[in-house]
Amino acid sequence: MSDAERDTPATPPAADQAPAEAVPNGLAPHELTPPASAAGTAARSALLLGTFTLIFTALMALTFEATREPIRASVEARRLELIAQVLPQGDYDNALLTDIVQLPTLPALGIAGPVTLHRARRGADPVALVFEAQAPDGYSGTIRLLIALRADGTLGGVRVVAHKETPGLGDYIDPAKDRAAPKWIAQFAGRDTAQADNWTVRKDGGDFAYMTGATISPRAVVRAAGRAVAAIAPAREALFGLPTGASAGEVFK
């Protein structure tokens, strides 16, 4: 060893220098990043959920707007098809579905609550009143009816729109199930309504036909239609004179 090497003091280690940490073999740098906090994860999840909800709500709103008009048009078309079974569309030229008044609760109609009455006109002339009634005493329960009463007091027609009568027996009151020609329900069309409150089947002294062995269903329909028509017919002129959308409560007081 030379004199210079003996006179040169060794450099002491820095007092604040920490020993370097060994990096475990096989770990990439990103794997050494501390995990995200629970609060940060929750915030990101909430943000994603909120974004998804907003997008979903917007899509639902767009779908509703896109389908609302077609659905409304479909419902109106179906309603007009049903009304055409008791009143031909060629008999009137007004907007039948909007030319309406609200009937009050009338026991003769058999329906709890107000009933919408449609008014058919040709030009300024009244043609018919169309409304629903209900027979509570069908063989298997309630029978719902659609009735057209013409301005001259004759009956345009009656249709059964809902029932639970026995298939193959009492359900012939429904023209869709009746195999006879003419249909049983056709005997209502053109009938004078002056004595409607006395309508019944021949078995009970009336003049409405029925199928032997299945009297309860037609009896219920005939009597319900008679009661309803007898209640509405005397008021038909006043009903045509009410403003569109008005309540007809005063007419029946």
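In this predicted model, Phe56 is partly exposed, with a relative accessible area of 45%, and the residue lies in helix α2, which spans residues 38-83. Phe56 belongs to a nonpolar patch on the surface that is formed together with Leu49, Phe52 and Met60, and the accessible area of these residues, taken together, is about 460 Å². Because residues qualify for such a patch with over 30% relative accessible area and no salt bridge, the value of 45% computed for Phe56 is consistent with its place in the patch.

With regard to the overall architecture, the protein contains 4 helices and 5 strands, and these elements follow one another from the N terminus in the order α-α-β-β-β-β-β-α-α. Of the 253 residues in the protein, 33% are buried, while the exposed surface amounts to about 15,400 Å², of which carbon and sulfur atoms supply 60%. Among the contacts with a separation of 6 or more, 51% are accounted for by residues that stand 24 or more positions apart.

Two acidic residues in the loop between β5 and α3 were examined further, namely Asp178 and Glu165. The loop is flanked by strand β5, comprising residues 155-162, and by helix α3, comprising residues 216-232.

Glu165 is buried yet takes part in no salt bridge, and the nearest side chain of opposite charge, that of Lys164, is 9.3 Å away. Polar partners are nevertheless found for the side chain of Glu165: a polar atom of this side chain lies 2.8 Å from the backbone nitrogen of Tyr139, and a polar contact of 2.4 Å joins it to the side chain of Ser217. When residues up to four places away in sequence are not counted, Glu165 touches Gly138, Tyr139, Ser140, Gly141 and Ile143, as well as Gly170, Asp171, Ile173 and Ser217.

Asp178 is likewise buried and without a salt bridge, the nearest side chain of opposite charge being that of Lys183, at 5.6 Å. Because a salt bridge requires a side-chain nitrogen of Lys or Arg within 4 Å of a carboxyl oxygen of Asp or Glu, the pair formed by Asp178 and Lys183 does not qualify. A polar atom of the Asp178 side chain does, however, lie 3.0 Å from the backbone nitrogen of Ala180. Beyond the residues up to four places away in sequence, Asp178 touches Tyr172, Lys183 and Trp184, so that Lys183 is in contact with Asp178, contact being defined by heavy atoms within 4.5 Å, although no salt bridge is formed by Asp178.

Conventions: Residues numbered from 1 in each chain as written. Predicted model: local features only at pLDDT ≥ 70, side-chain atom pairs only at ≥ 80, totals over all residues. Heavy atoms only, no water. Buried < 20%, exposed > 50% of the residue type's maximum accessible area, 1.4 Å probe, protein only. Areas by Shrake-Rupley, 256 points an atom, 1.4 Å probe, with all protein chains shown as cover. Lys, Arg positive; Asp, Glu negative; His and termini not counted. Polar contact = N/O pair within 3.5 Å; in protein donor to acceptor, adjacent residues only side chain to side chain. Patch = residues over 30% accessible without salt bridge, like charges linked within 9 Å, V, L, I, M, F, W, Y side chains within 5 Å.
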